[in-house]
Amino acid sequence: MTTYKGIDISNWQGSVNFSEVKNSGVEIVYIEATEGNFYTDPYLQEFYDGASNNGLLIGFYHFFSPSVSASEQARYFTNAISGMTSDCRLVLDLEESGGYGAAELSSIANEFLEEVEANSGLKVALYTYASFANNNIEPGYGLDKYPLWIAEYGTSYPESNSIWGSSYAGWQYSDTGYTPGVNGNTDLDTFNSEILLDSKVTISGSRKQESENGAIKYYVVQAGNTLSGIAAKFGTTVQALSKLNNITNPNLIYVGQVLKIYGDNKVQRGNNNFSITYVVQSGDTLSGIATRFGTTVQELTQLNDISNPNLIYVGEVLKLPVSNSVKSGASSKQYQTTYVVQSGDTLSGIAARFGTTVQYLARINGIVNPNLIYVGQILKIRASGVSAQRGNSTTTYVVKSGDTLSGIATRFGTTVSNLVALNDISNPNLIYAGQVLKV
């Protein structure tokens, strides 16, 4: 059977040189399109044009949010890619259970795939990772009708499962690969002809304009904040923030909650080398932050789409540029846990707390000097056993002093067991101030 060399990409890679990608021997590029019913990847249009102009075979995937209606997500996905042409099956990226049992999740996933086929007229496939396939979905609900794209690393062959056995249309065999033209680590895939459509197909509808969305910013909710106040601060609306962040009650936001915010302008191109983020603290200035992290105000304004360098806000999450020599280029699948540095923290203490090493944290966060971390800095920390493809479709919450997991569960209307599973927590009694939880 013919095999094809492939990669899959999302906004985590930043701008990509597709000519170099093509020249490296890559034949198939899968592009993240959407997540849930509230997030369209800001690089979707740029990636599509770049891959198309260089003659690469293109596919699109959707990261599934179990908390959102499957049919609504199917419509959102196909609408985002309307007017575009695909060479490959449209893919459901399934790797969060959302508290559902295997039978119910399998049924919901099948509903999504059926809806996408009906809405787009294109064939579909399912992506997941080996342990999820064996523990969170099961036969008898129609998923066997669709080809499998499986993720498993460090093996010579993917693990067999109860639905597809040992067969697959695609195998993501590394999340730390190198591809010329792509910044940092790249997901590496091998595909066979089953992943391809019978012919190139254009999804019905009009192509979306890039300016409909814009750059994504992040903001950590502070004491006294309201959604209307945050909307006014960033020049957007309560309705837009609610939709983007999947907020059902606009009057109910929490200190420590991380909100996504669309910027006014298009995503900045060609200046997206970052692997460190920083939460603006009281008294901070952009020039002070630039000096602290060895960069310039101009670079920070370009990277964060800031129109007024004198106007930054406490709680705003800034991306900080680092050199390619230390950039991790990590995809979000590697870093489902994050931690906000607190006063008195050391990198060695954080490493011990999360069962990892100083060297590993320094490498994945692009830290040149392990003795130099700052209050408000957001560190990526690998969650064991997690292989998520993109981002976080849930709300996030920064643990405060005095918090308990049961208290957080009550506040957000969920359960301790759901939080434990969602955040890969081994000891429910052991959470830390500054830890960022998905809720």
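## Reading a predicted fold by its cut-offs

Modeller: Of the 439 residues of the protein chain, 56% count as buried. This is a predicted model, in which local features need pLDDT of at least 70 and side-chain atom pairs count only at pLDDT 80 or more, while totals for chains, interfaces and linings use all residues. Residues are numbered from 1 along each chain as its sequence is written, and side-chain values use heavy atoms, with hydrogens and water left out.

Biologist: What is the mean pLDDT of the protein chain?

Modeller: The mean is 82, and 87% of the residues reach 70 or more; pLDDT is the predictor's confidence in each residue, from 0 to 100. Over residues 264–275 the pLDDT is below 50, although this stretch has 50 contacts beyond near neighbours in sequence, a contact being heavy atoms within 4.5 Å. Residues 383–394 also have pLDDT below 50, with 59 such contacts in the model. Where pLDDT is low, the predicted coordinates should not be read in detail.

Biologist: Happy to leave those alone! Why is Phe64 called buried?

Modeller: Buried means under 20% relative accessible area, exposed means over 50%, and partly exposed is in between, using a 1.4 Å probe and protein chains only. Phe64 has a relative accessible area of 0%, so Phe64 is buried. Phe112, at 1%, counts as buried too.

Biologist: And what makes Phe64 and Phe112 an edge-to-face pair?

Modeller: Rings of Phe, Tyr and Trp (its six-membered ring) pair if their centres lie within 6.5 Å; planes under 30 degrees apart count as stacked, over 60 as edge-to-face and the rest as tilted. Here the centres are 5.6 Å apart with 70° between the planes, so by that rule the pair is edge-to-face. Phe64 lies in the loop between β4 (57–63) and α3 (70–80) and Phe112 in helix α4, so the pair ties together parts that are 48 residues apart in sequence.

Biologist: How do you know what counts as a helix or a strand?

Modeller: Helices (H or I, at least four residues) and strands (E, at least two) are DSSP runs, numbered from the N terminus. The chain comes to 13 helices and 19 strands.

Biologist: What makes Trp149 and Phe191 an edge-to-face pair?

Modeller: Their centres are 5.2 Å apart and their planes 65° apart, so they meet the edge-to-face rule as well. Trp149 lies in strand β8 (residues 148–151) and Phe191 in strand β10 (residues 186–192), so this pair ties together parts that are 42 residues apart in sequence. Both residues are buried. Ring pairs also link Tyr30, Tyr127, Trp149 and Phe191 into a cluster, and the structure holds 15 aromatic pairs.

Biologist: How many residues has the largest nonpolar core, and what makes a set of residues a core?

Modeller: A nonpolar core is a set of buried Ala, Val, Leu, Ile, Met, Phe, Trp, Tyr and Cys residues joined through side-chain atoms within 4.5 Å. The largest one has 66 residues, and those with the most contacts inside it include Tyr30, Phe112 and Ile137. Helix α4 (residues 102–120) gives the most to this core, with six residues. Leaving out residues up to four places away in sequence, Ile137 touches Leu94, Ala102, Leu105, Ser106, Phe132, Leu143, Ile163 and Trp164.

Biologist: Why is α3 described as largely enclosed?

Modeller: Eight of its 11 residues are buried, so the rest of the structure largely encloses α3. Among the buried ones are Ala70, Gln73, Tyr76 and Phe77. The elements covering them include β2 (28–35), α2 (44–53), β4 and α4.

Biologist: Buried, exposed or partly exposed: where do Ser131, Glu96 and Ile378 fall?

Modeller: Ser131, in helix α5 (residues 130–135), has 32% relative accessibility and so counts as partly exposed. Glu96, in the loop between β6 and α4, counts as buried at 6%. Ile378, in strand β17 (residues 377–381), is buried at 15%, because the cut-off is under 20%.

Biologist: How far apart are the C-alpha atoms of Glu96 and Leu422?

Modeller: They are separated by 7.7 Å, though the two residues are 326 residues apart along the chain. Ser131 and Ser160, 29 residues apart in sequence, are 9.8 Å apart, C-alpha to C-alpha. Across the chain, residues 24 or more positions apart account for 71% of the contacts with a separation of 6 or more.
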